[in-house]
Every structure is written in C-alpha cells, then in structure tokens.
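Visitor: I am new to this structure and would like to be led through it step by step. Could we look at it together, with a reason given for each answer?

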Amino acid sequence: MKVPASPVRLRLLSAALASCLIVAPAWAKNGEDGRGGGPKVSVPGGKLGGPRATARETIKGGIKGGDTVSPTADAGTSGEVLVKLATTQALPALLSKYPLTLLSRFGARPIYRLKVIGNVRAQDLLPQLALEPGVLIAEDNPLQRSPEARKNVAWAIGTQQDYVAQWGPQAMRLAEAQRLGAGAGVRVAVLDTGVDLGHPALAGRLLPGFDFVDFDADPSEGGTAGQPSHGHGTHVAGLVALAAPAAKIMPIRVLDADGVGNAWVLAEALLHAIDPDGNPATDDGAHVINLSLGSLSRTGVLGAVLQIAACTPALAGDAVGDRSDPGYADDEARCTGRVGAVVVAAAGNDASSEIRQYPAAEGEYGLVPVAASNAAGRVAGFSNSGGWIELAAPGEGLTSAVPGGYATWSGTSMAAPLVSGTAALVRARFPTMSGKDLARRLEDSAAAMCGTKLRQLDAVAAVTGARASAVCR
Ligand SMILES: [Ca+2]
Ligand SMILES: [Ca+2]
C-alpha cells in the first residue's frame, strides 16, 4: 500500500445547508469528522508552464481566476506549488534558488508538491519558475469540489423503491443492456467523499479503498448530514452499482464532507486507483474511474496523471506528455500489454455553454465529460453543455444510496456514474478495448437529443456497438 507522506489541507466552505433530515439505521456507521486544515485562500487560476497540445482538441480560453465566475472560482491551496520537471535532477537547483521546500512527490516521478516559505506569494513565483530550465509545468494547487457543493445543491430523502425503479435507467435502456452482461470482472474507482461501507446497496460490491483526506485505509464518508456533500460518494457509488451490478467498486476518499479537496490529492488518488498495491506487475487497478468533481482551474499535473491513467503514449518535449525521465518506468511497465483506464468526469452544474469544469474538460484521450439530461430527454437546466461535451446521461432527480438510507439528488455528478457503470458493461465484454476506444464508443453510440448537439447515453448501443437513433426523441 502506498501511503502518502504529508497531510493535506482542505478548505471548508462556509455555506452550510440545512438540508437533509436523516434517520440513521443500525447499518449506518458514521461519526467520523472528515475535516482537516484551516481556511486557505485565494491563488487564482492554474497556469501551465509550457505549450499544451491536447489529445483531442485544443482548448482555448478556460476560466481564469478573476473572471466573472468569481462566486464559484476555485482558489488554490495556500502557499503550494505543483511542478512537473523534465528530470529529477532539476529539483535541487529550484530548491536552492527559490524559497521552496518539498512537501511530497509522486513516487519516483519528477512531479512534486512544494511549499512556499516565508512571505513570498505562490502566484508571484509561478512565472519565474515556468521559465527555469527543466521546469515543464509550474502551477498552483487548485481546490476540487463536487459540482453540487459548488452550487449548493442538496438532496431530498428517497426510498429503496425509487432506487430500483426510476426514469434514468429506462431512458438509457439499462435493463436491456444488462441482459448482455452486468459488468463482472470490472473494477470501477469512485473518487469522491467516500462511501457508507455498510450500505445494503453496496453489499458485496466494494473493493478495499483508501482515504486520501485522513490518510487511512477506511474510506468511509465523514461529517454529518448537514454538510453539503455528506453522502455524495455513497450516492455516486450507488448509481455505479445500479448500472453495473456485477462490477466491483473501489471507494477512494478525496473530498471532505463539504465536498472539497485539491488537485494534488486528486492526482495521488488517480495513481492509487490505477495501481493500488504500487506494483505495476500486478493487475489490480481500476478499469473505469469516476470523477464527480472538478475545478474551474485547469491543471497540467492532473492532465499528465490522466495521461498516465489512460496509458496515453508519452510525448517527449511536451509539458504534459513528457515522460522521458526514468521515474516513469512503472507507468510504462503497467501499460505494457495492458489497456489504460477510461475516466468519466462530471461536466459541472454551472448551467453554462461557456464554463468548463476540469478535469472533465482536459480533452485527454480516455476521458469522457458527462452532462446531465432530464426525464423529458432534454439537457438538464443546471448542466453545462459546451461544445467540449458530447455525452449526456440521466442526472436530474436520481435516487441512490446515502448514509442511512436513500436520497434523490440532481447533478452532473449523478450522470457520470451511470456512464461509468455503462463503461463497465462494455469493458466486461471487451476486456482488451483501450480506455481511449471505450470513451469514443460511449460517445459515438449515444442517441440524438432534440435541441442540442449533445447525445444521450444508450447502454444497449454502447454494449453492442450499434449506433443509436440519429433522430431525436
Ligand atoms: Ca477514514
Ligand atoms: Ca498493481
């Protein structure tokens, strides 16, 4: 088991929601408080240290700190800098020239989390760092949130009956797809607020996970029902289980009960998901990774880690894709003769065709951004819908598990796990299909929707490879 070396600092949202009335049954076992660290502030926007050629498209004009989205902008974690270097040898020179100290490192890879010492501000160092020889990426460490936490979308109590019979699975033709297979043998990692490990909806479905918030092996949900994202991970995991009942779920806690984490923790968790035992020779990693979270700040380090997860070929000299340092040997070994993971990411709840939520909008191969649709077959009013998104899945008024029972929730966070579960159904039938091809298949097989260029997830078409209806319904 890889255990990260340093504690993570989380920023707590001040907005508390008086939401959820909840009665804890005997099988609910929470009580842990997931909070850590103090309030931290205000480093705007991620910055890439070099030109960035993305795999699928060149993304222009991401949201930057200070833009008009300030109420929802994601500040960086205070005084921290993430760097990706060309070689490990480049680090000592940086540490001697700048007021920086090493907090942690990604295994043997030349990717580091650094702390700024003294009164210097991280954002003042970034432009200089980016110009140093051997520095491929220098950026801050932006907060990551569940999109529902960012928009204060709470859940309402639901029932087990609502869970097993609801509109979403019907709209994506799930029952018919499951007659062809239920996802056996596939591992789906859920990087979220943790899960209720004792929830009946997840019984027999869970693999060992990890808690990157508290750094322990117990990824139970933290906090209490009054906190805006308490239950988020359990809800998401329940929807994966609904879509792929025979798949196994690896719960990894990266967000606290307020739905907040940061980019470094997310990157560490992604690496854990693809290789939980830290041995590239053993095939124990997730085939599908669900990210019902994000940030308005783009980060090159997360892009690099997504490429590692998807086994995207290295690209020497490219800020994100360069893996020429020997520190990436394990990544090459893991990908040799195996296919990469597919990463499914919520597109965000900003009701915008302009705003991009990252990492969903990173534009990497093997990454599927997911918008939310509603029961009328339209894009949900809260969902992002820009041209960088192709796929929508049911995400409005979905019932799933929460600690202590069931709840109905709306968000792109709920749409993503239905896509992840469908990806598991496809992966079970085609174990050698690459993450890149699987992502493409989910999008290409989707059904036309009226009034939008987005297409709706069709589980049957995804599994069979047929093209779904081109006529909107
Ligand atoms: Ca824990
Ligand atoms: Ca392994």
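Guide: What follows is a set of questions and answers on a predicted model, going from the whole chain to single residues.

Visitor: How many helices and strands are there in the chain?
Guide: The model is predicted, and the count applies to its one chain of 473 residues, of which 59% count as buried. Among the contacts in the chain with a separation of 6 or more, 78% come from residues 24 or more positions apart. The chain has 13 helices and 18 strands.

Visitor: Which strands are the edge strands of the open sheet with the order 6-16-15?
Guide: This open sheet is formed by three strands, and their pairing is antiparallel. An edge strand here pairs on one side only. That description fits strand 6, residues 156–158, and strand 15, residues 398–402.

Visitor: What is the average twist from one strand to the next in that sheet?
Guide: The strands of this sheet stand in the order 6-16-15. From one strand to the next, the twist averages 45 degrees.

Visitor: Which residue of strand 16 is the bridge partner of V402?
Guide: Strand 15 pairs in the antiparallel sense with strand 16, residues 405–409, and the pairing runs over five bridges. In strand 16, V402 has as its bridge partner G405.

Visitor: What angle does helix 7 make with strand 15?
Guide: Helix 7, residues 232–243, packs on the sheet and touches both strand 15 and strand 16. Taking its direction against that of strand 15, the angle is about 115 degrees.

Visitor: Which residues of helix 11 are met by helix 7?
Guide: Helix 7 and helix 11, residues 412–429, pack at an angle of about 35 degrees with their axes 7 Å apart, and their crossing is right-handed. From helix 7, the residues that take part are H232, H235, V236, L239, V240, L242 and A243. By class, this contact of helix 7 with helix 11 has eight nonpolar, six polar and no charged residues. On the side of helix 11, the residues are S413, M414, P417, L418, S420, G421 and T422.

Visitor: Which residue in strand 3 stands opposite K84?
Guide: There is also an open sheet of four strands in the order 2-3-1-4, with antiparallel pairing; its edge strands are strand 2, residues 100–105, and strand 4, residues 135–139. Neighbouring strands of this sheet are turned against each other by 30 degrees on average, direction ignored. Strand 1, residues 80–85, runs antiparallel to strand 3, residues 111–116, and five bridges join them. In strand 3, the residue opposite K84 is I111.

Visitor: How many of the residues of helix 8 are buried?
Guide: Helix 8 covers residues 263–274 and reaches 17 Å from its first C-alpha to its last, close to the 16 Å expected at 1.5 Å a residue. Its buried residues include W264, E268 and H272. Helix 8 is mostly covered, and the number buried is twelve of its twelve residues.

Visitor: Is T336 buried or exposed?
Guide: T336 has its place in the loop between helix 10, residues 329–335, and strand 12, residues 342–346. Its C-alpha atom is separated by 9.7 Å from that of A281, which lies 55 residues apart along the chain. A residue with 12 or fewer other C-beta atoms within 10 Å counts as exposed. Because T336 has 9 such neighbours, it is exposed.

Visitor: Why does R173 count as buried?
Guide: R173 is found in the loop between helix 5, residues 167–171, and helix 6, residues 174–178, and its phi is near 55 degrees, a positive value in a residue other than glycine. Most residues other than glycine have a negative phi. The cut-off for a buried residue is 20 or more other C-beta atoms within 10 Å. R173 counts as buried because its C-beta neighbours inside 10 Å number 20.

Visitor: Where is the residue that a cis peptide bond joins to Y358?
Guide: The cis peptide bond joins Y358 and P359, with omega about 10 degrees. Most peptide bonds are trans. P359 is found in the loop between strand 12 and strand 13, residues 367–373.

Methods
Residues are numbered from 1 along each chain as its sequence is written. Chains are lettered from A and ligands numbered from 1 in the order in which they are written. This is a predicted model: local features need pLDDT of at least 70, side-chain atom pairs count only at pLDDT 80 or more; totals for chains, interfaces and linings use all residues. Two strands pair if DSSP finds at least two bridges between them. Helices (H or I, at least four residues) and strands (E, at least two) are DSSP runs, numbered from the N terminus. Axes are lines fitted to C-alpha atoms, for helices over the stretch in contact, and angles run from 0 to 180 degrees between N-to-C directions. Two residues are in contact if their C-beta atoms, placed from the backbone, lie within 7 Å. The expected span of a helix is 1.5 Å times one less than its number of residues. A crossing is left-handed if the near helix is turned anticlockwise from the far one by less than a right angle, and right-handed if clockwise. Ala, Val, Leu, Ile, Met, Phe, Trp, Tyr, Cys and Pro count as nonpolar, Asp, Glu, Lys and Arg as charged, and the others, Gly among them, as polar.
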